[in-house]
Amino acid sequence: MRQPLKLHTSVALSALGVAVFLLAWEALARSGVVPSGLLPSPSAVPAAFVAEVRAGTWQTMVLASLSHYLSGLFLGTVLGIAFGTAAAMWGVWDAAQAWVVRMLRPIPSIAWIPFAIIWFGVSEAAATFLIALTVFWINYYATYAAVRGVDKDLIELGYAFGQGGLVPRLFKIVLPGALPGILSGVRAGLGQGWMTVVAAELFGIAGLGSRMSDASGLLATHIVVLYMVTIAALYGVCDFLFMQVQQRVLAWQK
Amino acid sequence: MEKSVIDLKGVSIGYGPDAPPVLVEVDLSVERGSFVAIVGPSGVGKSTLLRVVAGLHKARGGTVTIHETNKPGHRPVSLVFQDARLLPWRRVAKNVRFGLEGLPIGTAERDERVAAALRLVRLDDYGRRWPYELSGGQRQRVGIARALAVDPDILLMDEPFGALDAITRHSLQDELRRIHRETGKTILFVTHDLEEAVHLADRIIVLGGSPARIVRDVRNDPGRDGGVFREQVEQLRSGIADNYSI
């Protein structure tokens with residue numbers, strides 16, 4: 001069993017790790033071993049950031065991607081939780097949809113790109129659809145497992161105290177009891193959603209993905225790295241904010 | 001008002017349509033305000049009998065009648081479980097409020113009944129605590145408060161002190177006797193602990209045999225100690241042993 005680190009030690013080691021990584025990267029880029037077009041130096045990224053912000057491109061792309069991300073995330077999360085809950089609570093519905101789920105689940109979201117274009121055109125709706133699809137499955141399975149895992153004794157408690165009807169059972173026992181598992185799914189969806197944003201925008205919808213695609217076509221790899229860092233930062237902020245909310249919502253856990 | 005509050009006539013209980021019955025020919029009439037203990041060996045069907053009275057398990061045969069007082073804003077039957085069974089995402093006061101939700105009472109009365117129930121179990125200042133912040137005994141008190149808050153005609157208790165240490169158990173037994181005195185509720189109390197039954201109940205029902213049935217129905221004077229107490233416990237013990245094979 002490893003010994004837990006003190007907080008300041010842990011933070012210092014994390015900062016050291018990042019510094020070593022960036023220095024090694026910078027050294028490799030400057031050494032000339034790899035052509036600069038193939039591997040930009042990290043020191044080129046801040047200048048690229050300033051140029052993109054001054055041109056207004058960075059803000060436009062971030063806002064566009066956030067729009068796709070948030071709408072896809074919302075749709076996929078709500079539908080995933082709803083369908084996961086329904087499948088976990090009703091055996092007939094679970095049996096009826098089990099093989100449909102098995103057939104559809106292994107198909108990656110990017111395989112749906114042709115249909116997204118056919119159904120929605122090269123539009124924001126197409127990107128939203130693809131992001132929602134990715135997020136849906138994560139939330140579906142997390143919710144299904146969480147709802148099935150709710151303590152049956154608590155369900156019985158509901159019946160014993162007149163809360164056995166569908167609505168009170170669902171909202172007073174099942175969903176609160178499943179909440180830790182559901183929120184784990186939502187959190188996983190936050191990360192997977194950003195991954196799909198890039199894939200969804202690569203086929204021409206304006207956003208971080210399309211900007212990266214354009215920049216890579218011009219071998220402006222420092223721009224590509226800038227947007228990679230942007231995605232990482234946006235995910236970091238989303239995850240951090242979500243963790244704050246999660247900690248408050250689950251304050252009842254030890 | 002009916003003298004009896006629970007009437008069981010020819011009740012038989014099983015766990016599945018094809019499984020043999022575990023409990024048969026149960027005829028039992030429980031007087032209003034009485035404290036009845038149900039004792040017997042493990043697996044004899046004590047808890048299941050309680051769940052049948054609570055309406056959580058359907059009897060295979062016979063009739064179960066609860067003579068409700070039909071007071072508005074109350075539930076005829078409420079249950080205290082062995083494991084307290086608090087909802088971990090609700091603070092103590094909200095756990096006590098659980099059974100009141102859905103009853104036709106106003107917010108002010110609801111809050112007053114929660115406060116009164118917490119006072120009754122001496123947890124007045126614990127309303128804002130989370131269940132994980134409570135000891136086992138305190139959790140069980142909250143379970144009792146939740147059951148009392150709905151002002152039931154009948155309080156069903158399924159080995160409520162079985163998982164507690166001896167000191168806490170004895171303390172809560174005395175609390176329960178006080179609560180019974182103060183509220184006058186009818187209590188049906190399942191236990192495998194004969195001393196607990198003799199200490200608490202004014203009537204003791206002994207289940208035994210296979211399939212089980214009522215083998216003894218004993219009037220008791222609770223709260224006694226010394227020789228009379230021991231004698232009563234020994235009589236019950238032999239009553240169970242006569243009808244029990246390992």
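Where in chain B does B:Arg85 lie? I will start there, and the answer is that B:Arg85 sits in the loop that runs between β5 and α2 of chain B. Please keep in mind throughout that we are looking at a predicted model, for which the predictor gives the complex an ipTM of 0.87 and a pTM of 0.85.

Let me stay with that loop for a moment, since B:Ala84 lies in it as well, between β5 (77-80) and α2 of chain B. B:Ala84 has a positive phi of about 65° although it is not a glycine, and B:Arg85, which is not a glycine either, has a positive phi of about 55°. Are these residues buried or exposed? B:Ala84 counts as buried because it has 22 C-beta neighbours inside 10 Å, where 20 or more are needed, and B:Arg85 is buried too, with 22 other C-beta atoms within 10 Å.

Another backbone detail in chain B is the peptide bond from B:Ser210 to B:Pro211, which is cis, with omega near -5°; B:Pro211 belongs to the loop between β8 (203-208) and β9 (213-219).

Now to the interior. The largest nonpolar core has 74 residues, and those with the most contacts inside it are B:Val36, B:Ala145, B:Leu156, B:Leu188 and B:Phe189. Helix α4 of chain B, residues 136-149, gives the most to this core, with six residues. If we leave aside residues up to four places away in sequence, B:Ala145 touches several others, including B:Val96, B:Ala117 and B:Leu123. A second, separate core of 46 residues includes A:Val135, A:Tyr140, A:Leu190 and A:Val224.

Turning to chain A, the chain is divided into domain 1, residues 1-32, and domain 2, residues 43-249, and the C-alpha centres of these two domains lie 30 Å apart. UniProt, in an unreviewed entry, places the feature "domain: ABC transmembrane type-1" at residues 62-242 of chain A. Over that stretch the chain is 84% helix and 0% strand, with its end C-alpha atoms 19 Å apart.

How do the chains meet? Here 15 residues of chain B are in contact with 13 residues of chain A, and the side of chain B that touches chain A has nine nonpolar, three polar and three charged residues.

Finally, a word on confidence: the mean pLDDT of chain B is 89, and 93% of its residues reach 70 or more. Among the elements of chain B, helix α2 (residues 92-97) has the highest mean pLDDT, 97, whereas helix α7 (residues 227-242) has the lowest, 69. Where pLDDT is low, the predicted coordinates should not be read in detail.

How values were computed: Residues are numbered from 1 along each chain as its sequence is written. Chains are lettered from A and ligands numbered from 1 in the order in which they are written. This is a predicted model: local features need pLDDT of at least 70, side-chain atom pairs count only at pLDDT 80 or more; totals for chains, interfaces and linings use all residues. Two residues are in contact if their C-beta atoms, placed from the backbone, lie within 7 Å. Ala, Val, Leu, Ile, Met, Phe, Trp, Tyr, Cys and Pro count as nonpolar, Asp, Glu, Lys and Arg as charged, and the others, Gly among them, as polar. A nonpolar core is a set of buried Ala, Val, Leu, Ile, Met, Phe, Trp, Tyr and Cys residues joined through C-beta atoms within 7 Å. A residue is buried if 20 or more other C-beta atoms lie within 10 Å of its own, exposed if 12 or fewer, and partly exposed in between; C-beta atoms are placed from the backbone. Helices (H or I, at least four residues) and strands (E, at least two) are DSSP runs, numbered from the N terminus. UniProt positions are given in the numbering used here, feature names are shortened, and annotations may be inferred rather than shown by experiment. Domain bounds come from an automatic or database domain assignment. pLDDT is the predictor's confidence in each residue, from 0 to 100.
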